[in-house]
Amino acid sequence: MESINANSEEYDDPILYDKENEAYIEGLSYLLKWASKTEGPIIDLACETGRATIPLASKGYKLIGVDIHKGMLDEAKRKSSNLNLQIDWVEQDCTRLNLNVKSNLIFSVGNSFQHFLTNEAQDGLLSSVNKHLELGGVFIFGTRFPSTEELLQPITEEYWKTNVDKDTQNKVDVYTISAYDSLSQIQHYTTIRKFLNKEGKIIDEQRTNIRLRYVFPKEMERILFANGFEIVNIFKDWNETPITNDSYGMIYVCKKTRNII
């Protein structure tokens with residue numbers, strides 16, 4: 001099975017990652033609703049730099065953050081230490097979890113499910129979750145909806161967004177190139193960051209590559225059932241909006257109904 005670390009260029013710079021994503025903590029209010037009725041430790045899988053882990057821990061919940069990327073975990077540890085938060089940070093492959101603990105609530109945000117590129121990797125993740133959930137426990141995760149617009153993007157450099165570096169106040173223009181492989185259901189993304197000076201001239205350019213697997217709703221039903229889960233709810237976003245054909249995301253709330261071997 002290919003290691004997720006082989007598909008991790010976007011996470012090689014945790015400081016830049018946080019600069020671009022720190023204002024975006026998806027699903028936090030929804031996760032807090034579940035945390036408030038959960039006893040025992042809560043596990044955040046593919047926790048990155050702790051963008052969701054740390055806010056939940058700051059509310060008094062016991063959190064375990066798991067990620068395979070050492071650099072992301074090191075940044076998460078630094079941030080939680082500065083806040084005097086006691087969080088267990090664990091460097092492990094989420095397809096082969098061995099935490100010696102069971103939880104009533106496991107979650108994964110940031111569309112991390114898409115990093116599990118093969119059927120084997122998806123089953124490895126879900127069987128690991130099953131192993132670490134109490135019977136009746138809940139697994140919540142999000143992934144992108146395989147819409148026509150999402151999959152059939154032009155294979156050319158397209159402008160995506162502009163970020164402002166909070167330290168230098170300089171702009172960073174972000175472009176993407178994408179190509180979808182229908183047979184593997186994998187989107188190949190190249191992200192291009194063009195760093196501008198005060199005069200708006202490009203002074204540096206960085207490119208990173210990543211692959212993301214898309215899963216169709218009926219396919220997901222089968223995968224989850226095979227790994228011992230029942231779908232409690234599926235939304236198009238973290239605001240609990242019902243899913244529709246024009247959705248961009250799928251938020252799954254699943255309950256463990258049986259142990260699997």
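In this predicted model, helix H7 (residues 217-226) lies across S5, S10 and S11 and runs at about 20° to S11. Helix H5 (residues 119-132) lies across strand S1 (42-45), S4, S5, S10 and strand S11 (249-256), at about 145° to S5.

**The sheet**

These strands belong to an open sheet of 7 strands, ordered S3-S2-S1-S4-S5-S11-S10, with mixed pairing. Strand S3 (88-91) and strand S10 (229-235) are the edge strands, each pairing on one side only. From one strand to the next the twist averages 20°.

Three of the parallel pairings are listed here with one bridge partner pair for each.

| Strands | Bridges | A bridge pair |
|---|---|---|
| S1 and S2, parallel | 4 bridges | Ile-42 and Leu-63 of S2 |
| S2 and S3, parallel | 4 bridges | Gly-65 and Trp-89 of S3 |
| S4 and S5, parallel | 5 bridges | Leu-105 and Val-138 of S5 |

**Strand S2 and its connections**

Strand S2 (residues 63-67) is mostly covered, with 5 of its 5 residues buried. In a regular strand the side chains alternate between the two faces of the sheet. In S2 both faces are covered: Leu-63, Gly-65 and Asp-67 are buried on one side, and Ile-64 and Val-66 are buried on the other. The chain reaches S2 from S1 through helix H3 (residues 53-58), and this β-α-β crossover is right-handed.

Strand S2 is joined to S3 by 4 bridges, and the two strands run parallel. Between S2 and S3 the chain passes through H4, in a β-α-β crossover that is right-handed.

**Helix H4**

Helix H4 (residues 70-82) has 13 residues and reaches 18 Å from its first C-alpha to its last, close to the 18 Å expected at 1.5 Å a residue. Its buried residues are Met-72, Leu-73, Glu-75, Ala-76, Lys-79 and Ser-80. These residues are on the same side of H4, because they cover an arc of only 160° around the axis. An α-helix has 3.6 residues a turn, so residues three or four places apart point the same way. H4 is followed by Asn-84, which has a positive phi, near 55°.

**Helix H2**

In helix H2 (residues 28-35) the buried residues are Leu-28, Tyr-30, Leu-31, Trp-34 and Ala-35. They cover an arc of only 160° around the axis, which puts them on the same side of H2. The buried residues of H2 pack against S1, H3, S4, S5, S10 and S11.

**Strand S4 and Ser-108**

Strand S4 (residues 103-108) runs parallel to strand S5 (residues 133-144), and 5 bridges join them. Within this pairing, Leu-105 has Val-138 of S5 as its bridge partner. Ser-108 also has its place in strand S4. Ser-108 counts as buried because its relative accessibility is 9%, and the cut-off for buried is under 20%. Leaving out residues up to four places away in sequence, Ser-108 touches Asp-44, Leu-45, Ala-46, Phe-139, Ile-140, Phe-141 and Gly-142.

Definitions and conventions. Residues numbered from 1 in each chain as written. Predicted model: local features only at pLDDT ≥ 70, side-chain atom pairs only at ≥ 80, totals over all residues. Heavy atoms only, no water. Pairing = 2+ DSSP bridges. Axes fitted to C-alpha atoms, helices over the stretch in contact; angles between N-to-C directions. Contact = heavy atoms within 4.5 Å. Expected span 1.5 Å × (residues − 1). Buried < 20%, exposed > 50% of the residue type's maximum accessible area, 1.4 Å probe, protein only. Arc of directions from axis to C-beta. Right-handed = clockwise from strand over helix to strand, strands pointing away.
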